[in-house]
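Work through these exercises with the structure in view. Try each task before you read its solution.

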Amino acid sequence: MTLAEYHRLTPLPRPGGMLYVKPGARGYRDPIYDLLQKTVAPFGERALDLNPGVGWGSLPLEGRMNVERLETSRAAFRCLSASGLSARLAPPWDAEEGAYDLVVLALPAGRGTAYVEASLVAAARALRMGGRVYLAGDKNKGFERYFKESKDLLGYGEVLRREGPVRVALLEKEKEAPPLPPLWQDFRARLLGEEYAFFHLPGVFSAGKVDKASLLLLEALLGEMGKEGVRGKAVLDLGAGYGALTLPLARLGAEVTAVEDDLVSVLSLQRSLEANGLAARVLHSDVDEALTEEERFDMIVTNPPFHVGGAVILDVAQAFVEAAAARLKPGGGFFLVANPFLKYEPLLEERFGAFRTLLVREYKVLFAEKARRG
């Protein structure tokens, strides 16, 4: 997949217009969203979709209710905007309280328990008394547990449809919603001999501790470049998360641009930079989409999404390599850390001509250099 193919929005006919989809944007050709789309029905005047993706699950409500959507993914938001569907970039807990007759929620189980539970409380708080929730999920990914928690929060609920492991339930708000759980958490970590305070919201990758892959990448990078080799360099952190790579590189004196698709991670990174007295440019971006066309970098680092089995994840990981090849200056270096069984080597060979394996220790760090002109 080329970078242009990754960024291309594909229009699909829908009643009243087009629904746009793209690689890296969830919620289309997904069994959970498909069953939601078959099940939801209007109720009242105002509806809220708390995990819309490209908008497929709540699409049958469009034109029959006033439908609003809160989305954290920049890739998905690009699709929603192109489709003309009302949406804003915000986490689910930013929903207006007591304002909606209907809430649609595809359980974001992949983001962890804290994020799901905050989403469930946000749904309960957003509903007026007597309002309804369509809750969709996979029984192999915690649906039964979260359905029970939803009934404890709201009151009455029943499962309406089952297809394979996927379930859609309908619940009704019969009691007052509790306050939101504490959202901000923090932890300390020592990286490259320096102490850092990291702050994060629910749902970010590797919450509570710096992951081993990022630690290995930093070790390999320092071994290859040395501290002085980083100072003053224009560095791009692709998929920066809450800043496990951005913060130490900024402290070493690099001019770091951090791009991240997830708004919750962007907010976490911004707070962590401020707490540590560090500066970096942070962009909410679908891979390199928020960069200007001409921007190029001396060094690019990435700890890409590595969970196996999701086409969205693999599309994004491949797009990171394509973006690195496009965004490096001649002679610039690309550092990538990955699970050993993920085969990035052929892609690096194709895009850069050669690569080196710098370290292998539970994860592997690969390095590729962009050829100099002439």
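The exercises below go from a sheet to helices, cores and loops.

This is a predicted model, in which local features need pLDDT of at least 70 and side-chain atom pairs count only at pLDDT 80 or more, while totals for chains, interfaces and linings use all residues. Residues are numbered from 1 along each chain as its sequence is written, and side-chain values use heavy atoms, with hydrogens and water left out.

**Exercise 1. The sheet**

Task: In which order do the 7 strands of the open sheet lie, and which strands are at the edges?

Solution:
- Start with the terms. Helices (H or I, at least four residues) and strands (E, at least two) are DSSP runs, numbered from the N terminus. Two strands pair if DSSP finds at least two bridges between them.
- Now read the order: β14-β13-β12-β15-β16-β18-β17, with mixed pairing.
- β14 (281–284) and β17 (356–361) are the edge strands, since each pairs on one side only.
- From one strand to the next, the twist averages 15°. Angles run from 0 to 180 degrees between N-to-C directions; axes are lines fitted to C-alpha atoms, for helices over the stretch in contact.
- Helix α8 (residues 263–275) packs on this sheet and touches β13 and β14. Its direction makes about 165° with that of β14. Contact means heavy atoms within 4.5 Å.
- Take one pair. β12 (residues 234–238) and β13 (residues 255–260) pair in the parallel sense over 5 bridges. Asp237 stands opposite Ala258 in β13.

**Exercise 2. Two residues in touch**

Task: Is Leu247 buried or exposed? Which residues does Ser272 contact, beyond its neighbours within four places in sequence?

Solution:
- Leu247 sits in helix α7 (residues 246–251).
- Its relative accessibility is 0%, so Leu247 counts as buried. The cut-offs are under 20% relative accessible area for buried, over 50% for exposed, and partly exposed in between (1.4 Å probe, protein chains only).
- Beyond residues up to four places away in sequence, Leu247 touches residues including Tyr196, Phe198, Leu269 and Ser272.
- Ser272 lies in helix α8. Ser272 is buried too, with a relative accessible area of 0%.
- With neighbours within four places set aside, Ser272 contacts Ala197, Phe198, Phe199, Tyr242 and Leu247.

**Exercise 3. The cores**

Task: How many residues has the largest nonpolar core, and which helix gives the largest share?

Solution:
- A nonpolar core is a set of buried Ala, Val, Leu, Ile, Met, Phe, Trp, Tyr and Cys residues joined through side-chain atoms within 4.5 Å.
- The largest has 72 residues. Leu50, Leu135, Phe198 and Val301 have the most contacts inside it.
- Helix α4 (residues 113–126) supplies the largest share, 9 residues.
- A second, separate core has 30 residues, among them Leu347 and Leu348.

**Exercise 4. A two-sided helix**

Task: Which residues of α10 are buried, and which are exposed on the other side?

Solution:
- In α10 (residues 345–352), the buried residues are Glu345, Leu347, Leu348 and Phe352.
- Down the axis, these buried residues fall within an arc of 160°, so they line one face of the helix. The arc is that of the directions from the helix axis to the C-beta atoms.
- Pro346 and Glu350 are exposed on the other side.
- Gly353 follows α10 and has a positive phi, near 90°.

**Exercise 5. Positive phi without glycine**

Task: Where is Ser206, and where is Glu362?

Solution:
- Ser206 is in the loop between β11 (194–200) and α6 (212–230). Its phi is positive, about 55°, although Ser206 is not a glycine. Ser206 counts as buried because its relative accessibility is 17%.
- Glu362 is in the loop between β17 and β18 (363–369). Its phi is positive as well, near 75°. Glu362 counts as exposed, at 52% relative accessibility.
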